[in-house]
Amino acid sequence: MDLSADFWDNRYQTNDIGWDLGTISPPLKAYFDQLTNLDLKILIPGGGNSYEAEYLFNKGFKNVYVVDLSQTALDNLIARVPDFPSSNLILNNFFDLNMTFDLIIEQTFFCAINPSLRADYAKKASDILNVNGKVAGLLFDATLNTTHPPFGGSKKEYLGYFKPYFDIKIMDASYNSIKPRAGKELFFVIQKK
């Protein structure tokens, strides 16, 4: 299965991005609206068009970083938000990051990587989080595709990956998902042990 930088960049260039809502998802907007510390250093891995980064930046969060394999996706964010600091846009693989953060936002990235990398994701997220750092966001709670992203999964499966590194604060059915994803998403917040 090809999940290379060229694969992802081609998807954005051809607008073959069915997972892209064109706006911030309601569960993440609700979560962001209750954050008060504007100094949080936030990472959005596999951020794609990064509506979440745009929303946070416009709310006054200036330490928001996006890492993605697609230059086109990063360019799309700059086109919409020209003042977004280009130094906070990282064209790289999440697994190669050598920085630390207070909060990692999960929106489709975990379910876009090869499922064989999920345990590595949990460890890497823990490694790059500061003390008391958190991962928050959405995971698909449904059987989806097996040969191409997005890849589904279940709460039981996800807990197996995260429990060695994180305390589970919440991992429950999202009550405010968009209609096509209703009943198919988990909202979660986990904190580094």
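Let's start with a contact you can find quickly on screen: Arg118 and Glu157 form a salt bridge, with their closest N and O atoms 2.8 Å apart. This pair connects distant parts of the chain, since Arg118 belongs to helix 5 (residues 118–128) and Glu157 to helix 6 (residues 155–162), 39 residues apart. The two partners sit in contrasting surroundings: Arg118 is buried, at 1% relative accessibility, whereas Glu157 is partly exposed, at 25%. Arg118 counts as buried because its value falls under the 20% cut-off.

Please keep in mind that this is a predicted model. Its protein chain averages a pLDDT of 90, and 90% of the residues score at least 70. Among the elements of the chain, helix 5, home of Arg118, has the highest mean pLDDT, 98, and helix 1 (residues 5–13) has the lowest, 65. Where pLDDT is low, the predicted coordinates should not be read in detail.

**Salt bridges**

In total, the structure holds six salt bridges. Three of them are set out here, with the separation of the closest N and O atoms.

| Basic residue | Acidic residue | N to O separation |
|---|---|---|
| Arg118 | Glu157 | 2.8 Å |
| Lys155 | Asp172 | 3.5 Å |
| Lys59 | Asp33 | 3.6 Å |

Take Lys155 and Asp172, whose side chains meet in a salt bridge. Lys155 lies in helix 6 and Asp172 in strand 6 (residues 166–173), so this pair ties together parts that are 17 residues apart in sequence. Lys155 is partly exposed, at 32% relative accessibility, and Asp172 is partly exposed too, at 39%.

Next comes the salt bridge between Lys59 and Asp33. Here Lys59 sits in the loop between helix 3 (51–58) and strand 2 (64–68), while Asp33 is in helix 2 (residues 26–33), 26 residues away in the chain. For Lys59 the relative accessible area is 36%, which is partly exposed, and Asp33 is partly exposed at 36% as well. Through salt bridges that share partners, Lys29, Asp33 and Lys59 are joined into one network.

**The sheet and its helices**

Which order do the strands follow in the sheet? Seven strands form an open sheet in the order 3-2-1-4-5-7-6, with mixed pairing. Strand 3 (89–91) and strand 6 are at the edges with a single partner strand each, so one side of each has no neighbour in the sheet. On average, neighbouring strands are turned by 15 degrees against each other, direction ignored.

Within this sheet, strand 1 (residues 42–45) pairs with strand 4 in the parallel sense, over two bridges. Leu43 has Ile104 in strand 4 as its bridge partner. Helix 2 packs on the sheet, where it touches strand 4, strand 5 and strand 7 (185–192), and its direction makes about 160 degrees with that of strand 4. Helix 6 lies across strand 5, strand 6 and strand 7, running at about 165 degrees to strand 6.

**Two backbone angles to look at**

Two residues deserve a look at their phi angles. Thr108 has a positive phi of about 80 degrees although it is not a glycine. Its place is in the loop between strand 4 (101–107) and helix 5, and Thr108 is buried, with a relative accessible area of 18%. The other residue is Asn132, whose phi is near 65 degrees, again a positive value in a residue other than glycine. Asn132 is found in strand 5 (residues 129–140).

Definitions and conventions
Residues numbered from 1 in each chain as written. Heavy atoms only, no water. Salt bridge = Lys/Arg side-chain N within 4 Å of Asp/Glu carboxyl O. Helix = DSSP H or I, 4+ residues; strand = E, 2+ residues; numbered from the N terminus. Buried < 20%, exposed > 50% of the residue type's maximum accessible area, 1.4 Å probe, protein only. pLDDT = per-residue confidence, 0-100. Pairing = 2+ DSSP bridges. Axes fitted to C-alpha atoms, helices over the stretch in contact; angles between N-to-C directions. Contact = heavy atoms within 4.5 Å.
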